[in-house]
Amino acid sequence: MRLVNIVLSLLLLSQLTIAQYRDNPLSQIDLSKINMEQFSFGVRITPAIAWLNTKHNDLEADGATMKIGAGIVAKYEINSILSVISGVNFNGVGGYVFDNESLNDVTTKDNYKINYLQTEIPIGIKLETPKFQKTSYFIQGGGLLGFVLEANEKRQSISANSNPIKTDIISLTSPTTVGFFGGVGLQYQISKSLQFFGDITYKNTITSIANGNEYVLKNRYTESPTILPGSLELSFGIMF
């Protein structure tokens, strides 16, 4: 339901923007003059090491976890060296944390895992080297806009062969996040229209994924926590 609301909101915003600037000279741009051959698209799969950075008087980070994601890649080539990149990613972020409540709960382990599932829209630039024997290298970086779809806590019971205790925390979570990314990679030209790529990318949010006020209102904490997800991704994909 949250994803549907996000899509509808984006569509409404685009229609309002078009209506507002219908008479603006920018709206008279002839899109047929854009060279579509400068666009390329692809798909990617992204295993990652994810963690949480916390700023709070009680909640503390306690380790990383493995996550995986997938996405659609879009690239607009300005010239042979510089491109604008974007796309849509679906990935998980999160990590292990602990607080006084978890430390004092004798029925579960001292720490627990917070998991988030989000849709992520990157926008950035990519600088590529000239190809040598069909291989080129690149650096890339830019900003991230995330839309949180799911959020939960998993606490592991100390009892043998027991399933984790899962608690939904979407009400304690901010619906959107803003962050940045930067990475390096290589690409190999398989054929004229097919290219393999791989990259290592660091990501981090700059706005808290926690809705701090809700944590206080629901008596989880006396002060609002700040939770900043980060990750190190190893991506593989194909550009068409």
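**Reading strands, cavities and side chains**

Reader: Which way do strand β1 (residues 39-55) and strand β3 (residues 65-77) run, and how many bridges join them?

Author: They run antiparallel, and 12 bridges join β1 to β3. Strands pair when DSSP finds at least two bridges between them. Strands (E, at least two residues) and helices (H or I, at least four) are DSSP runs, numbered from the N terminus. For one example of a bridge, start at R44: its partner in β3 is G71.

Reader: What should I know about the model before going on?

Author: This is a predicted model, so to speak of local features we need pLDDT of at least 70, side-chain atom pairs count only at pLDDT 80 or more, and totals for chains, interfaces and linings use all residues. Residues are numbered from 1 along each chain as its sequence is written, and side-chain values use heavy atoms, with hydrogens and water left out.

Reader: What is the mean pLDDT of the protein?

Author: pLDDT is the predictor's confidence in each residue, from 0 to 100. Here the mean is 89, and 86% of the residues reach 70 or more.

Reader: Over which residues does pLDDT stay under 50?

Author: Over residues 1-22, where the model has 10 contacts beyond four places in sequence. A contact means heavy atoms within 4.5 Å. Where pLDDT is low, the predicted coordinates should not be read in detail.

Reader: How many helices and strands does the protein have?

Author: There are 3 helices and 10 strands. Along the sequence, they follow the pattern α-β-β-β-β-α-β-β-β-β-β-α-β. Now look at contacts in the protein with a separation of 6 or more: 69% of them come from residues 24 or more positions apart.

Reader: Back to β3. How many bridges join β3 to strand β4 (residues 82-98)?

Author: 9 bridges, and these two strands also run antiparallel. A hairpin of 4 residues takes the chain from β3 to β4. One bridge links E77 to its partner S83 in β4.

Reader: S83 in β4: is it buried or exposed?

Author: Go by relative accessible area: buried is under 20%, exposed is over 50%, and partly exposed is in between (1.4 Å probe, protein chains only). S83 comes out at 0%, so S83 counts as buried. Beyond four places in sequence, S83 touches several residues, including K75, E77, G124 and K126. S83 and G124 are 41 residues apart along the chain, yet 8.6 Å separates their C-alpha atoms. For the whole protein, 38% of the 240 residues count as buried.

Reader: Which residue does the side chain of E233 join in a polar contact?

Author: K203, at 3.1 Å. A polar contact is a pair of N or O atoms within 3.5 Å; within protein, one must be able to donate a hydrogen and the other to accept it, and residues adjacent in sequence count only if both atoms are side-chain atoms. E233 sits in strand β10 (residues 226-239) and is buried because its relative accessibility is 8%. Among the residues that E233 touches beyond four places in sequence are T46, N91, D199 and K203.

Reader: And which residue does the side chain of Q187 join in a polar contact?

Author: K126, at 3.0 Å. Q187 belongs to strand β8 (residues 176-191), and with a relative accessible area of 1% it is buried. Its contacts beyond four places in sequence include E128, K134, F138 and F197.

Reader: How many cavities of 30 Å³ or more does the structure hold?

Author: It holds 3. On a 1 Å grid over the protein atoms alone, a cavity is a set of points where a 1.4 Å probe fits but cannot get out, and lining residues have an atom within 4 Å of a point. Points are joined across faces, edges and corners, and the volume is the space filled by probe spheres set on them. The largest cavity has about 280 Å³ of space. It is lined by 27 residues, and R44, V73, N89, Q140 and D199 are the closest to its centre. β3 gives the most to this lining, with 6 residues.

Reader: What is the phi of Q133?

Author: Most residues other than glycine have a negative phi. Q133 has a positive phi, near 50 degrees, and K134 has a positive one too, near 70 degrees. Q133 is in the loop between β5 and β6, as is K134. At 65% relative accessibility, Q133 counts as exposed, while K134, at 47%, is partly exposed.

How values were computed: On a 1 Å grid over the protein atoms alone, a cavity is a set of points where a 1.4 Å probe fits but cannot get out, and a pocket is an open set with protein on both sides within 12 Å along at least five of seven lines; lining residues have an atom within 4 Å of a point.
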